[in-house]
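Here are some exercises to work through with the model in front of you. Try each task before you read its solution.

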Amino acid sequence: MTTTERRIAIGPERPGGQGLDAHQHESGDHTIRILLTDPVVGPQTDFVATCRDGVYEVWAARGMVRFERGYAAAGGYAYRVIEQIGENPVERQDPRALATVDEEVAASIASGFAGDDANTAYIEPAHLTYPLAYERIAQLFDSPNAPDLVVNPKAYAFGRQPGQHGALDVVQSRSPLVFSGPGIRRGLRTDALSRQVDIAPTIAKLCGFPLIDGRDSTGRTSGERGVAPDVYLKRQDGQPLDAIIDDAGAARPERAYIFLLDGLSNSELKHRLAHDPDGIPNLRRLIGAGAMFEYGSFTNFPSITWPSHNAIGTGAWGGHHDIVNPTYYLRETREVVTPQGQVVDTARFLGDGVETLYEAFHRVFGDWRGAEGAFTASIHEPCTRGADHATLERTVIGDRGRLRALTDEYAGDTSPKWLEDGQQGAHGESIIETRGLAQALVLYTDETHPPPTFTFHEMPLTDGVGHDYGPHSDGERAALDEADVRIGRILRMLEARGLYDGTLFVVTTDHGMAPTDASLKADQVQAVVDAGMKAVVCAPFIYLLDVAVTVTAHEDGRTAMVEVLAADADASGERPPVAGAEVTVSTHGAGVLARARTSDAGICGVPLPAAAAPEDLFVTVHHPDYNPRHLRLDGAPVHEDLRAALYGGAL
Ligand SMILES: [Zn+2]
């Protein structure tokens, strides 16, 4: 590799402890080895990814790859493999693989699983692909909220529910995507590719937003890149999906409405469209009048609700909007936060570097003031910041009496199946959907404000039922039927108000859903803690608790100073000292020669045997709250060779 090529590598955008720094190679390599070789979780783990020294790494039992990121001549980033041992775990990236239920079943049979039930079609990594793997892995590590290591479980080996998502693979990472309405080509089934971050710029372009001097996927503004304003949003990782835009008509929507059917699998939706000609008439109507992406839209990584919703709502990946996972660790305050756990009041977790579509609609069309300006609505939607109506920020606009009356009026939309099956959770989510329907009906008919210019509407039932019954179950079919009825009520209301023809509709989901072998009760990150590693784990993330150790041998050759700090800086930006760490000096075969404990300042002195050469002396640091460190006196690390441990001779 030449010096010139080296210089173009672009590591994490905002370094803040994510990935493995030099003080974490020992614990990081040990953790990767546990995840890939543990007798229980090893066979359940697809791969482990990290960022080290500005280079991205993916480790699997079948091989490893290191890749780097640099600016592409045509704009954005390009990725280049710089090391590979055995099989590149994410080499297969075909976005058109496993596009139907039949293909999922065939992949399961090819994986060696018996049976042809799509709802238990477990698939091994050898029969999966990882669309946009390099982009989707690298973006994660741009946020200081990102982990040291991220685990990608095998598609069928995570958690205790029959359906699951979160992983990088094509099944869990593919969402349906339909655009329908003014400016969209009618009746198109396109094989064009799309990503969640393309949705917001597409809406912005169709709705006539001006181009601005904002940041692109590389984090640089148009001005910094030396070009005219070329993005629609403050941070825009995606691009408008021009393949579906009807240039001839030049019709411009007056408003946009996103229906998000949480967790609905693209192959399940396509199966219903192909095999149930009388089913889901309202979705069928939108699809027939619009453009559907045959191979869906690829999600954020991890492919999980809160990060993905905010990727759709901002046009920026999780590594840039900073809600990187349902639950994550803030190193500087030593605090675990869980936006998805607390559900409400989560706008404050969204990073300052991005702009939501609500904020952008207000920037372009004005703030809502009485009967003037743009009115925006977030209905049960996890992306909320800037919305005038935001259920999950507890800002509900609309007459409470009308909302209650409409919720009662449409209570019969809830299938009796959920209670008959003892599925209280699904029943509750169905009631939430009815409340969402009531909000939509009120928001477009309430005379105290203009009808919403932009609505982002989350429908949770398809996700809850996908988890509890599986992605291709009778339950999922019933859940989709319910969603379709509610969408139909909203479409008819818009027609009655004369708003239908001017509305751009988007139908999508936040992630896919894969059949899971719930009997495995797989929990890869917990196995790391159980093996004795000190770490904060927020599945699928691992934040290692490490010490930064500096050994300074004095010139007299008889003493050395050891400084032990926490590897993660605190809110002051400095690494705080670690008091009470046990420091030992030893040589090969001679046992412990000296022992000391660090002071409140994280420092201790140790005597050195005059006869021993520095390169034969080893310093070991132990503290009950941190992973141990082993160094040579000259500071060189002493730890296992992960390549030899995993692949020595075998590959
Ligand atoms: Zn979800």
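This is a predicted model, in which local features need pLDDT of at least 70, side-chain atom pairs count only at pLDDT 80 or more, and totals for chains, interfaces and linings use all residues. Residues are numbered from 1 along each chain as its sequence is written.

**Exercise 1. In what order do the strands of the open sheet with β25 and β28 lie?**

Step 1. Find the 4 strands of this open sheet: their order is β25-β24-β27-β28, and the pairing is antiparallel. Strands are DSSP runs of E with at least two residues, helices are runs of H or I with at least four, and both are numbered from the N terminus. Two strands pair if DSSP finds at least two bridges between them.

Step 2. Look at the edges, where β25 (591-597) and β28 (626-632) each pair on one side only.

Step 3. Check the twist: neighbouring strands of this sheet are turned by 20 degrees against each other on average, direction ignored.

Step 4. Zoom in on one pair. Strand β24 (residues 582-587) joins β25 over 6 bridges in the antiparallel sense. Threonine 584 has arginine 595 in β25 as its bridge partner.

**Exercise 2. Describe how helix α12 packs on helix α14.**

Step 1. Start with the general idea: two packed helices are described by the angle between their axes and the distance between the axes.

Step 2. Read both values. The axes of α12 (residues 400-409) and α14 (residues 424-443) come within 8 Å and cross at roughly 130 degrees. This makes α12 oblique to α14. Axes are lines fitted to C-alpha atoms, for helices over the stretch in contact, with angles from 0 to 180 degrees between N-to-C directions. Angles under 35 degrees count as roughly parallel, over 145 as roughly antiparallel, 65 to 115 as roughly perpendicular and the rest as oblique.

Step 3. List the residues that meet (C-beta atoms, placed from the backbone, within 7 Å). From α12 come Arg402, Leu403, Leu406 and Thr407, and they meet Thr434, Arg435, Ala438, Gln439, Leu441 and Val442 in α14.

Step 4. Sort the residues of this contact by class: 5 are nonpolar, 3 polar and 2 charged. Here Ala, Val, Leu, Ile, Met, Phe, Trp, Tyr, Cys and Pro count as nonpolar, Asp, Glu, Lys and Arg as charged, and the others, Gly among them, as polar.

**Exercise 3. How many residues does domain 1 give to its contact with domain 2?**

Step 1. Locate the domains, whose bounds come from an automatic or database domain assignment: domain 1 is 3-94 + 129-154 + 522-544, domain 2 is 175-515 and domain 3 is 547-647.

Step 2. Count: the contact takes 23 residues from domain 1 and 21 residues from domain 2.

Notes:
Contact = placed C-beta atoms within 7 Å.
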